[in-house]
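Hi everyone, thanks for coming. Please have the sequence and the 3D view open while I talk, and stop me whenever you like.

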Number of protein chains: 2
Amino acid sequence: MTTCTVTFEPHGTEVDVPRGTLISDAASKAGLDLNMPCGGQGRCGRCAVIAEAGDFERRSSARLSPEAMEEGYVLACQTVVEGDLIVSVPPQEKIERRLPTAQRTKKIEAPLGYDPSRDQTIQKYFVDIDPPSLKDNTDDLARLRRALQAQHGIDARKLHVGVHVLRKIAFALREGDWKATVVLETGTWLDPDGPPRLIDVVPGDATVSSWGVAVDIGTTSNVVYLVDLLSGSVVDTASDYNGQIARGEDVISRIIYASKGDGLSELQSLVVGTINGLLGQLAERNGLSTNDIYKMAVSGNSTMIHLFLGLPPESIRLEPYVTTTNQPPPVLAQDVNLDINPLATVDCLPGVGSYVGADISAGVASSGMCNLKELSLFLDIGTNGEIVLGDCDWLISCACSAGPAFEGSGVGDGMRATAGAIEEVWIDEQTLEASYRVIADEAPRGICGSGLISLLAEMFITGVMDKGGNLNLGLDTSRLREGDHGPEYVVAWAGETATPQDIVINKVDIDNLLRAKAAVYAGFSVLARSVGVDLSTVGRILIAGAFGQYLDVENAIQIGLLPDMPRERFKFLGNTSILGAYMALINRESRDSIAELAQRMTYLELSADNTFHDEWISAMFLPHTHIEDFPSVMELLKEK
Amino acid sequence: MTTCTVTFEPHGTEVDVPRGTLISDAASKAGLDLNMPCGGQGRCGRCAVIAEAGDFERRSSARLSPEAMEEGYVLACQTVVEGDLIVSVPPQEKIERRLPTAQRTKKIEAPLGYDPSRDQTIQKYFVDIDPPSLKDNTDDLARLRRALQAQHGIDARKLHVGVHVLRKIAFALREGDWKATVVLETGTWLDPDGPPRLIDVVPGDATVSSWGVAVDIGTTSNVVYLVDLLSGSVVDTASDYNGQIARGEDVISRIIYASKGDGLSELQSLVVGTINGLLGQLAERNGLSTNDIYKMAVSGNSTMIHLFLGLPPESIRLEPYVTTTNQPPPVLAQDVNLDINPLATVDCLPGVGSYVGADISAGVASSGMCNLKELSLFLDIGTNGEIVLGDCDWLISCACSAGPAFEGSGVGDGMRATAGAIEEVWIDEQTLEASYRVIADEAPRGICGSGLISLLAEMFITGVMDKGGNLNLGLDTSRLREGDHGPEYVVAWAGETATPQDIVINKVDIDNLLRAKAAVYAGFSVLARSVGVDLSTVGRILIAGAFGQYLDVENAIQIGLLPDMPRERFKFLGNTSILGAYMALINRESRDSIAELAQRMTYLELSADNTFHDEWISAMFLPHTHIEDFPSVMELLKEK
C-alpha cells in the first residue's frame, strides 16, 4: 500500500494517508473540520478546496463550474489522493465556531410547589456509621446498608451497586471518618417500585447541593441546562453547535454518514464531545465537579437520540421508517462516555416515531397543549417540519420533509443564522430597491431562513415575483436580471457584501423555498382533514424551535407558510424541547406524563396518505392556490 | 529529568527510564517478569540480578551474602538506576510459565435432575417477529417485547436493556429476517422477583447451546470450567498461574503492591488477563465465541475477589480487617474488562470475612458438610490456613496465618510445586542418607510444600532433628553440618542438582515451618474449644485445595500439622472452590444456599482470642507439647 503525504495550506498541516484516500478523510485525519452539509455525498459543493499541486482523481465535480475546475477546485468528498498532494482550504469552507445566537442565557425558576423529596428520583442521604472493630468487623457495604435502614428507613437489602461506586466505598467512608453522603436513585420510570440504586458515596456531608442537567440535542445546536435538584431551578445554561455538523447538516446526511465505516461511533463521539464541552463550561462557571452531576434528561429528534446512544439509525430513513426504540431505557453515563458521574442515569425522553421524536413529545408536554380543552396546533419548523394537532383528549402528529432551505441550505446564497446573515429584507414598492438587516451588523455574507421568508414575502407583495414564484424581468430595476441559473434578484451588491460577489436569489432558490413552505402547509392541512377539523377552529398556534423565534408572522402568512388567522392566536415558545427535558429531570410525574403523551400521540405517515401530494401542489403558489383562505393577504394585495 | 538506558542480558532488551527508577520497574517496563515473591518489599531476596556495568544505588541488600554482593548481585526491587546500566538476569529468577500440575482436566457430569428451565438464570428464547410495515411501524424493541410476551408468556414491560445490546437489535432482527434468539437473565439472587434483563439478541435460532463459566481465582493458580448450561455439564477446563504472581506471592504482598501507585489497576488487569487467556483457549478448543458466554460465577479468597473487581484491598490487612463487601453485587463483564459477552453477569460468590472468603463458602458448600448431622472439620491449607468446623446446624470458621512456608517461600531452598521440585523425601534410618522424588523427574532445583513436610517428618522420626526442631550435629553423616545460617541438613548434593549449590534445610527454615504447622494446629484447636467440641468427635476431616491433594497424611500427623485420628476419616477433596462456583453457576438454589451458608457461618478472629497464642506455642514442638494427643506417633517413635 503506497502512502501519500497530503499538505493542507494555509497552515501547512501534513498527514500521511494510503493512496486512494478521500481528501475529506485526509482532512479529518489532519484534524481539519471541513464543511460538508450534505454529509459527503458530493451534492452540495460546499467542501470545494483547491488542489495546488500533486496527483489526485476526481470522482465527481457536481456543482463546480468549468472556471472553478480550471482554478484547481475539487470536491474534497469526491476526490481521492493519488500521490503526494498540496491542498489549499479556502477560509469560508471551515466550520464557523460561534455560539448559536438563538440561545440566550436566562434564569428559570422551579415550578411552584417543587418538592425534591417527592418529585426527584435522585436522593442524597447523610449517614453516620459506627466504625468497625474486632468485635464488629462487618464489611463496609453492609455497614452502609445498616445505616441507611436505621437512619433513613430505607430498605437497602436489594440495593443495586455498580462496580464503579463499590471501588470508592472503602476510601469514602474512611476519608470522612465514617460520615458520608450516599447518593441513591429511587423509583425510576422503568421500574417505579424497584430497589434503589447506589450511585455514589462521598466523604462527609454533601447533602447541601445536588446537580442534574437537561440536554437538548438539536441537529444544529446542543443546549445544556444546569439544574439545582434541591431547588428545582435552572442556574445556568450553555449551548454550542452540534459537533456533527461538519459530517452533514441534516438528519438524512448524518444517517448516511453513520452507515459508512466507523461513521456511527464517530458521530456518537462528536455529539458527546460537544455536550462534554458544555458540561465542562457549566461546571467551571458554577464551581462544581462534573462528577457531582447525578442525572441527565435528554431530548432530541429520533435520529439525534440514536446517534447519541450509538444506535444504528439506518432504518429511520428506509421505508417503513422504524427506530430501534422510541422509548430508550435509561443508560449509565459511563456507557456513552459522558463526563458526569459514571453511574449517573442518562434518561432519553420517549418519541413517537422516526420523524416525531422526543423533542416533539417534550415540546408538546412543555407547551401544556395536552392539558387544554381548546384545540392547539404545535409547529416545529426546521429541516423537517413536525406538526401536532390536538387537545387534552387526543393528539395527532405528522412530519413533513421541508428540506434544508429554511436552514440556509439548498439556496445559493443561503446560510445559517449567524453573524453576517441577512435576517430581514424590505423592498421599496416604487424603486424596487432592497434594504436589509444583518445579524451582528456585519457586511452580509448570505441570507438565513427568516431573511429568505421576509425576502419572498416582499418580492411577492411588491410584484417583483408573481404568485407562481416567477421573477418579473420586465420591471425597471437593475436588480432584476438574467443570471447563470435563470432570472435572479440582487439583494446586496458586491460592494456591500463581505464576499466579492452579489448576494442574489434566483428561480432555483425560490422553487426550493416554495417546496419547503408548501410541505409544511400541506402537512397541517392533511392532519386537520384526517381528523375532520377545520383549521379556523384552532385556538392557538404554538411555534416552537429556534427558527420560530425569529419568524415574522406577517411574512410567513404572506407566503402561505402559516395559515391566515387572527395574529393573537400565534405564540412563540422558543426551545420547548429543552423545557420538556428540564421538566422530566426535576419531576417524576412529568416524566411519566411525557411517556404517556408519547404513547397516546397518533402518528400520521404522510407518505402513506394519498391526499398529501394534492395539498402540496396546491400550496406551491403564493400564498396558496385557494387565495380565499388568506383574506388578509388578499386585502393587502388589493391595497397595493 | 535524566534518562538512563538499562540493558537486560542475556537478550539485550533495552529500555529508557528516568534516573532513580527501580531496576524492577525498569524490568517491568521492558516486559520482563521478575520473580518477586515478597511483592518488592526487599525481604525475600528472590529478585537478585547482576549489575554488570553502570551506575546504580543499593537501598537495601537484605539476604545477599557478601560474596554475592561482590559478584555484582543486587536486589532488583531495592536498587535504583543512576546512569546507563547493564543488568544480567539469572535464568532461575524468571517466572516459570507452566500449567500448574495440580490441575488436571476431567469431565464433570451435571447433577442428577438438572433442569435448565428451573435451575438456570440464563434463558434463551427463539422469537419469530412480524416485520414492520407502514401500517405497523412500531419500533424494533417494542416488537421484540411483544413477541416475548405472545410467544413465551414473558412480562417484558420492565425489561432491563443495556446500551450494548440496544446497539445490536436492529442488525440482529434484520440479519435473521425477523427470526432471532433473545438471551435473558431472570431471577438473580439479588432480586429474584425483579424484571428480566436483556443480555443479547442474535440472528436466527441460537437456542441449541448456552454457555457459562465457573472460575476459581487462587492466589497462585486460576482455573476456569467451561459449562454447557443446557446439560449442566463441565465440557472442558483450563488453568494457569495467576498473572499477579510476579507482583507478590502471597495475599499480603499483593495488598501492599496494590496500595502503591497504579498497583491496584495493574493487578486487576493481570488477573483478568490470565482469565481472558484461559477463556480464549477454551473457546478455541470447543469451537465457540467468547461472546457466547453469558454468565460467570467466580470464587476466590477475599483479597483475590477484591483485586479481580478492582476494589481497594488495604483494609483487609489492617485491624480490624474488614472488606469492602463480603457479598459483592453482580457486575457486568464489561465493567471488569472480561472477554465474554459484555453484558454477561459476573457473580462473585459471597465470603464470610477478610480471611474466610468465597473460596471457603464455596468449598464448604461443595463438600456437603453443611448438610450432614455428623461433625466435620474443613481445612484449606496454603499461605493462610482456613478452617471450618460444623454440621448442618452450625458452622464456625477461622483463619490462621501459616505464612508462605508451605508454598515454598520463607524457606531458603523452597519453591512452588512445579517441575524440578522435590515433592517427597525419605531418610535412611541407618545411614541418614536422603532419597527423594522430583516433580517431572528433573534434576532438583528446590523443595516444595509436600516435600518439606515429608522431610520434616523423616528428620524427626530418624532422629536427625529433635522435637524442638534442633538438628543433631553429633550424628555421623556429612549431610549434617554447620552452614552460614547455623546447622543444616543436605537433602541433595550440588552434583545431583540443577543448580551449582547443595539443596539444604537449616534451622531458620525449620523454625518457619514449625511456626506454620503450629498455626494451623492451634487454629483448629482453638476453634473446637471455642464451641466446646472435642476434636476426637469429628467424624470427617475434609482437606481442600491443591496443596491438600499432595499431602501425605502420615507425614502431616507425624509433624503435628494434622490431628492423630483414624486415617479413614481424612478425605481429600481437591479444588472445592471451583466446584462451589460451578454449583452456583448452574443452580440458582445452590447459589442461594451458598449465600445463606456464608451468612450463618460464624467467624472467630484468632488475633482477638487470648488462648490462641498459648495453643500456638504448645504446637511448636514435634509433633506437639502434648504428645499424648498423638498416640500413633508415640507408638512409631517407640518402635525406632
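Let's begin with a small hunt: where in chain A is Tyr321(A) found? Look in the loop between α9 (314–317) and β14 (331–332) of chain A, and there you will find Tyr321(A). Before going on, please keep in mind that this is a predicted model. Now, back to our tyrosine. The phi angle of Tyr321(A) is near 60°, which is a positive value in a residue other than glycine. Is Tyr321(A) buried or exposed? With a relative accessible area of 19%, Tyr321(A) is buried, because buried here means under 20%.

Chain B offers another positive phi. Asp177(B) has a phi near 50°, again in a residue other than glycine. You can find Asp177(B) in the loop between α5 (163–175) and β8 (179–185) of chain B. The relative accessible area of Asp177(B) is 55%, so this residue counts as exposed, the cut-off being over 50%.

While we are on the backbone, let's turn to peptide bonds. Which residue is joined to Leu622(A) by a cis peptide bond? That partner is Pro623(A), and omega is about -10°. Pro623(A) belongs to the loop between α17 (612–618) and α18 (631–639) of chain A. Chain B has a cis peptide bond too, joining Leu622(B) and Pro623(B), with omega at about -15°. Pro623(B) sits in the loop between α17 and α18 (631–639) of chain B.

Next, side chains that carry charge. Here is the general idea: side chains of opposite charge can pair when their charged atoms come close. How many salt bridges does a search of the whole structure find? The count is 50 over all chains. I have picked some for us to visit.

Our opening stop is Asp140(A), which forms a salt bridge with Arg174(A); their closest N and O atoms are 2.8 Å apart. This pair links distant parts of the chain, with Asp140(A) in helix α4 (residues 140–152) of chain A and Arg174(A) in helix α5 (residues 163–175) of chain A, 34 residues apart. Asp140(A) has a relative accessible area of 0% and is buried, whereas Arg174(A), at 30%, counts as partly exposed.

Now move to a pair of strands. Arg437(A) and Glu423(A) bring their side chains together in a salt bridge, at 3.2 Å from N to O. Arg437(A) is in strand β20 (residues 434–438) of chain A and Glu423(A) is in strand β19 (residues 421–427) of chain A, so the pair ties together parts 14 residues apart in sequence. Arg437(A) is partly exposed at 37% relative accessibility, while Glu423(A) is buried at 17%.

Over in chain B, a salt bridge brings together the side chains of Arg529(B) and Glu615(B), with 2.1 Å from N to O. Distant parts of the chain are linked here: Arg529(B) is in helix α12 (residues 507–530) of chain B, Glu615(B) is in helix α17 (residues 612–618) of chain B, and they are 86 residues apart. Arg529(B) is partly exposed, with a relative accessible area of 47%, and Glu615(B) is buried, with 12%. Salt bridges can also share partners, and that is how Asp136(A), Arg143(A) and Arg146(A) are joined into one network.

Charges of one sign can gather as well. Which residues form a patch of negative charge on the surface? They are Glu14(A), Asp16(A), Asp55(A) and Asp84(A). Glu14(A) lies in strand β2 (residues 13–18) of chain A, and at 57% relative accessibility Glu14(A) is exposed.

Here is a puzzle about cysteines. How many disulfides does the structure hold over all chains? The number is 0. Why is there no bond between Cys47(A) and Cys77(A)? The sulfur of Cys47(A) has its closest cysteine sulfur in Cys77(A), 3.7 Å away, and that is too far for a bond, because a disulfide needs the sulfurs within 2.5 Å. Both cysteines are tucked out of sight: Cys47(A) is buried at 4% relative accessible area, and Cys77(A) is buried at 5%.

Let me finish with a distance. Glu554(A), in helix α14 (residues 553–558) of chain A, is partly exposed at 33%. The C-alpha atoms of Glu554(A) and Val127(A) are separated by 61 Å, and the two residues are 427 apart along the chain. Thanks for listening!

Conventions: Residues are numbered from 1 along each chain as its sequence is written. Chains are lettered from A and ligands numbered from 1 in the order in which they are written. This is a predicted model: local features need pLDDT of at least 70, side-chain atom pairs count only at pLDDT 80 or more; totals for chains, interfaces and linings use all residues. Side-chain values use heavy atoms; hydrogens and water are left out. Patches are made of residues with over 30% relative accessible area and no salt bridge: like charges are joined within 9 Å, nonpolar side chains (Val, Leu, Ile, Met, Phe, Trp, Tyr) within 5 Å. Accessible areas come from the Shrake-Rupley method with a 1.4 Å probe; for residues, only the protein chains shown count as cover. A salt bridge is a side-chain nitrogen of Lys or Arg within 4 Å of a carboxyl oxygen of Asp or Glu. Lys and Arg count as positive and Asp and Glu as negative; His and the chain ends are not counted. The place of a charge is taken as NZ of Lys, CZ of Arg, CG of Asp or CD of Glu. Helices (H or I, at least four residues) and strands (E, at least two) are DSSP runs, numbered from the N terminus. Buried means under 20% relative accessible area, exposed over 50%, partly exposed in between (1.4 Å probe, protein chains only).
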